[in-house]
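This report introduces a structure to a reader who has not met it before. The sequence and the structure are shown first, and selected features are then described in turn.

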Amino acid sequence: MSFNSSDVQSVFSGNIAESWEQKSRYIGSIDGNDNMMIPMIKKYVTSAKKFLEVGCGTGKLLKQVDSLVDNITLTGVEMSRDMLQQIDISEFNNPIRLINDSIENFTSSEMYDIIIMKQVLHHVVSRKLVLEKLSKYLTPTGVIIIMTPNEGYQNSIIPFNREKDVLGRINDAMMLEYISDLPLQVEEIKHVNTIARFSSLYEYFMFLYSIGSLQKIFNYREEYEYALELITVFKRLFSKKSQFLVDFDYSYIVLENK
Ligand SMILES: C[S@@+](CC[C@H](N)C(=O)[O-])C[C@H]1O[C@@H](n2cnc3c(N)ncnc32)[C@H](O)[C@@H]1O
């Protein structure tokens, strides 16, 4: 994979960041639960004092956790300034600290009871190194909860390729390999299937663009702009009504200390 985190940072800046919260406008409807993160977090949050979210985007999850419990210190690390500046910290009840940097550069004198990566690890260049770093910031009874697209995610459209996957999907075997030399073990893995209904190819392509997947296919390089131009030029053709279904399969992985 030939990209670096500054390529990823530029993709999640500008108009992608600005319209991040409207990205679902391209989806007609969804069958299944597309956000199991809160139920997963609820299992651990009552005894947690420190909460870290890596790649917290526009802070939606941080806000949900904030309204769930009191007496928790929240930290968000996010390398896109355009995402971070949409978070209004005055709306939070608990203390919150936002750090505008990559997780690769992040250092902390604190340990965390819950560390979250929601839809982030598949955008990370060196997954093993990041997990190693997070393992060092985990309290003895702490958990790392990861939500990631797995091999079933859009597999009927773009076949999964374990060695060089254009969407960066992560299956269970890969996850076990990333943590094999780390002081971490799997506490739980949940596979969740959701099915999204799109009413045209145009909406499907624009959804891929709005979540950064179109850019990922082009290794986050600016060549994706040609693809976007093509989609725009042929908008009328791609907008022809033809309803189709896409599997969005995710894994929720809970890691704990060995
Ligand atoms: C697909 S978005 C998910 C955002 C948010 N977690 C959500 O679910 O809405 C990925 C986010 O992770 C951030 N990100 C990707 N790689 C990162 C890294 N190495 N360090 C910090 N943030 C990163 C991106 O800037 C982007 O905001």
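## Two residues with positive phi in loops

Gln-119 is found in the loop between β5 (112-118) and α6 (127-136). The model is a predicted one. Phi of Gln-119 is near 60°, a positive value in a residue other than glycine. With a relative accessibility of 27%, Gln-119 counts as partly exposed, because that class covers values between 20% and 50%.

A second case is Asn-219, which lies in the loop between α9 and α10. Its phi is near 55°, again positive in a residue other than glycine. Asn-219 also counts as partly exposed, at 22% relative accessibility.

## The ligand and its surroundings

Around the ligand there are 18 residues, of which Gly-55, Glu-78, Ile-103, Glu-104 and Lys-118 come nearest. By character, the shell divides into seven nonpolar, six polar and five charged residues.

Several polar side-chain atoms lie at short listed distances from ligand atoms of particular elements. For Trp-20, a polar side-chain atom is 3.0 Å from an oxygen atom of the ligand. For Glu-104, the partner is a nitrogen atom of the ligand, at 2.8 Å. For Lys-118, a polar side-chain atom lies 2.8 Å from an oxygen atom of the ligand. Taken alone, the ligand exposes 590 Å², and the protein buries 95% of that area.

## Helices α3 and α4

Leu-61 is found in helix α4, which spans residues 60-68. Its relative accessible area is 4%, so Leu-61 is buried. Apart from its neighbours within four places in sequence, Leu-61 is in contact with Met-37, Ile-38, Ile-41, Glu-53, Ile-116 and Lys-118. Of these partners, Lys-118 is also among the residues that come nearest to the ligand. Arg-169 lies 108 residues from Leu-61 in sequence, and the two are 22 Å apart in space, C-alpha to C-alpha.

Ile-41 belongs to helix α3 (residues 37-45). This residue counts as buried because its relative accessibility is 0%. Not counting residues up to four places away in sequence, Ile-41 touches Phe-51, Leu-61, Val-65, Ile-114, Ile-116 and Ile-145. Ile-41 and Val-65 are 24 residues apart along the chain, and their C-alpha atoms are separated by 8.3 Å.

## Asp-66, a buried charged residue

Asp-66 also has its place in helix α4. Is Asp-66 buried or exposed? With a relative accessible area of 1%, Asp-66 is buried. Its side chain makes a polar contact with the side chain of Asn-94, at 2.9 Å. Leaving aside neighbours within four places in sequence, the contacts of Asp-66 are Leu-74, Glu-91, Phe-92, Asn-93 and Asn-94.

## Helix α8 and its packing

Helix α8 covers residues 201-210, and seven of its ten residues are buried, so the helix is largely enclosed by the rest of the structure. The buried residues are Tyr-202, Tyr-204, Met-206, Phe-207, Leu-208, Tyr-209 and Ser-210.

Against which elements do the buried residues of α8 pack? They pack against the helices α2 (14-18), α9 (213-217), α10 (224-233) and α11 (235-238), and against the strands β7 (184-198) and β8 (244-257). After α8 comes Gly-212, whose phi is positive, near 85°.

## Aromatic pairs and a cluster

The structure holds 15 aromatic pairs. In one of them, the rings of Phe-198 and Phe-207 have centres 5.7 Å apart and planes at 50°, so the pair is tilted. Both Phe-198 and Phe-207 are buried. Phe-234 and Phe-238 form an edge-to-face pair, with 6.4 Å from centre to centre and 65° between the planes. At 40% relative accessibility, Phe-234 counts as partly exposed, whereas Phe-238, at 18%, counts as buried.

These four residues belong to one aromatic cluster formed by Tyr-153, Phe-198, Tyr-204, Phe-205, Phe-207, Phe-234, Phe-238, Phe-244, Phe-248 and Tyr-250. Two of its members, Tyr-204 and Phe-207, are among the buried residues of α8.

Note on methods:
Residues are numbered from 1 along each chain as its sequence is written. This is a predicted model: local features need pLDDT of at least 70, side-chain atom pairs count only at pLDDT 80 or more; totals for chains, interfaces and linings use all residues. Side-chain values use heavy atoms; hydrogens and water are left out. A residue is near a molecule or strand if one of its heavy atoms lies within 4 Å of it. A polar contact is a pair of N or O atoms within 3.5 Å; within protein, one must be able to donate a hydrogen and the other to accept it, and residues adjacent in sequence count only if both atoms are side-chain atoms. Accessible areas come from the Shrake-Rupley method with a 1.4 Å probe; for residues, only the protein chains shown count as cover. Ala, Val, Leu, Ile, Met, Phe, Trp, Tyr, Cys and Pro count as nonpolar, Asp, Glu, Lys and Arg as charged, and the others, Gly among them, as polar. Helices (H or I, at least four residues) and strands (E, at least two) are DSSP runs, numbered from the N terminus. Buried means under 20% relative accessible area, exposed over 50%, partly exposed in between (1.4 Å probe, protein chains only). Contact means heavy atoms within 4.5 Å. Rings of Phe, Tyr and Trp (its six-membered ring) pair if their centres lie within 6.5 Å; planes under 30 degrees apart count as stacked, over 60 as edge-to-face and the rest as tilted.
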